[in-house]
Amino acid sequence: MTGSPRTELAAFLRSRRRQVEPASVGLPGHGARRAPGLRREEVALLSGVSHTWYTWLEQGRDISPSRQVVDAVARTLQLSPAEHEYVLRLTGHAATAPAEPGPAELPAHAVRLLDALGPSPAFVLTHSWSILGWNTAYERLYPGVATAPEGERNLLWVVFTDPAVRSLLGDWATDSRRFLTQFRAEVGRRVHDPAVVDLVTRLQGASEHFRAGWASHDVDSFSSSERRFEHPRVGILLLEHHQLTLADSPDLHLVVYTAAAGTDSAARLARLSSD
């Protein structure tokens, strides 16, 4: 289950602290260490803060770290850029405040945009990754989107619970983990949002893989990349995965799959759309 930004930050910092090799920050890696990684007092010393203050941070106490302190802790824990941004969001130092929840229905101009994408599968996600709309090409790629109950029409939910999606994704283990880490990074300070809490709670009960992945506190940023789909009607599809934000609805994200260059996927998508 998710919690407040403070408790989420505390769990994340504890997780990352245990993954840092002492030798990588100039500390002796041998000797009697009861647990892997750095000790709290070592993180505090290397980050230039008191041991007590850092302990409070890992305990989820109601304290407000400055941007400078957050950056120092991020360096000590060797956080990736995505993880660093995630911590900034949890501590209220993101460049922009979280947007308000998006519309309950897809704006008409967004529907027209989806339709204009023709054979390229595309759909729109809300802040909690509910699928708000899609085009015909996406429904041909994943027919389950049209028949799923509204409460289960969520990208993360179908990735972890729908056997059809598991078969469709060419490398489900890797792809599902990537979806999870990107979702966690995106929700940031909204981990306490009722829609997010409900989704995570249900997924923890429905999927052992999700439960283990969520407990790791891994985060990663989105990057356009090639995805492999194994469609039962047209075979292998190699598609580039893109994500765009609607300027007049910044809480909605347009996801588009286009045929990868140098492949026959464009022809396969055309055949899928014409069948």
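In this predicted model, helix H11 (residues 172-187) and helix H13 (residues 208-215) have axes that come within 10 Å and cross at roughly 45°, which makes H11 oblique to H13. The crossing of these two helices, H11 and H13, is right-handed. Two further helix pairs, H4 with H5 and H1 with H3, are described below, followed by the cavities, of which the structure holds three of 30 Å³ or more.

**Contact of H11 with H13**
- On the H11 side, the contact is made by Trp 172, Arg 177, Leu 180, Phe 183 and Arg 184, and these meet His 209, Phe 210, Ala 212, Gly 213 and Trp 214 of H13.
- By residue class, the contact of H11 with H13 comprises six nonpolar, two polar and two charged residues.

**Packing of H4 and H5**
- Helix H4 (residues 67-76) packs against helix H5 (residues 81-90) at an angle of about 145°, and the axes of the two helices lie 10 Å apart.
- The crossing in which H4 passes H5 is right-handed.
- From H4, Arg 67, Val 70, Asp 71 and Ala 74 take part in the contact, where they meet His 84, Val 87 and Leu 88 of H5.
- Sorted by class, the residues in the contact of H4 with H5 are four nonpolar, one polar and two charged.

**Packing of H1 and H3**
- The axes of helix H1 (residues 5-17) and helix H3 (residues 51-58) come within 7 Å and cross at roughly 115°, and the two helices are therefore roughly perpendicular to each other.
- H1 brings Leu 9, Ala 10, Leu 13, Arg 14 and Arg 17 to this contact, while H3 brings Tyr 54, Leu 57 and Glu 58.
- The contact of H1 with H3 has five nonpolar and three charged residues, with no polar residue in it.

**The largest cavity**
- Among the three cavities of 30 Å³ or more that the structure holds, the largest has a volume of about 110 Å³.
- The lining of the largest cavity consists of 13 residues, and those that lie nearest its centre are Tyr 138, Leu 155, Val 165, Leu 169 and Phe 229.
- Three helices, namely H7 (136-141), H9 (155-161) and H10 (163-168), each supply at least two residues of this lining, and H9 gives the most to it, with three residues.
- The 13 residues that line the largest cavity are nonpolar, and the lining includes no polar and no charged residue.

Conventions: Residues are numbered from 1 along each chain as its sequence is written. This is a predicted model: local features need pLDDT of at least 70, side-chain atom pairs count only at pLDDT 80 or more; totals for chains, interfaces and linings use all residues. Side-chain values use heavy atoms; hydrogens and water are left out. On a 1 Å grid over the protein atoms alone, a cavity is a set of points where a 1.4 Å probe fits but cannot get out, and a pocket is an open set with protein on both sides within 12 Å along at least five of seven lines; lining residues have an atom within 4 Å of a point. Grid points are joined across faces, edges and corners, and a volume is the space filled by probe spheres set on the points. Helices (H or I, at least four residues) and strands (E, at least two) are DSSP runs, numbered from the N terminus. Ala, Val, Leu, Ile, Met, Phe, Trp, Tyr, Cys and Pro count as nonpolar, Asp, Glu, Lys and Arg as charged, and the others, Gly among them, as polar. Axes are lines fitted to C-alpha atoms, for helices over the stretch in contact, and angles run from 0 to 180 degrees between N-to-C directions. Angles under 35 degrees count as roughly parallel, over 145 as roughly antiparallel, 65 to 115 as roughly perpendicular and the rest as oblique. A crossing is left-handed if the near helix is turned anticlockwise from the far one by less than a right angle, and right-handed if clockwise. Contact means heavy atoms within 4.5 Å.
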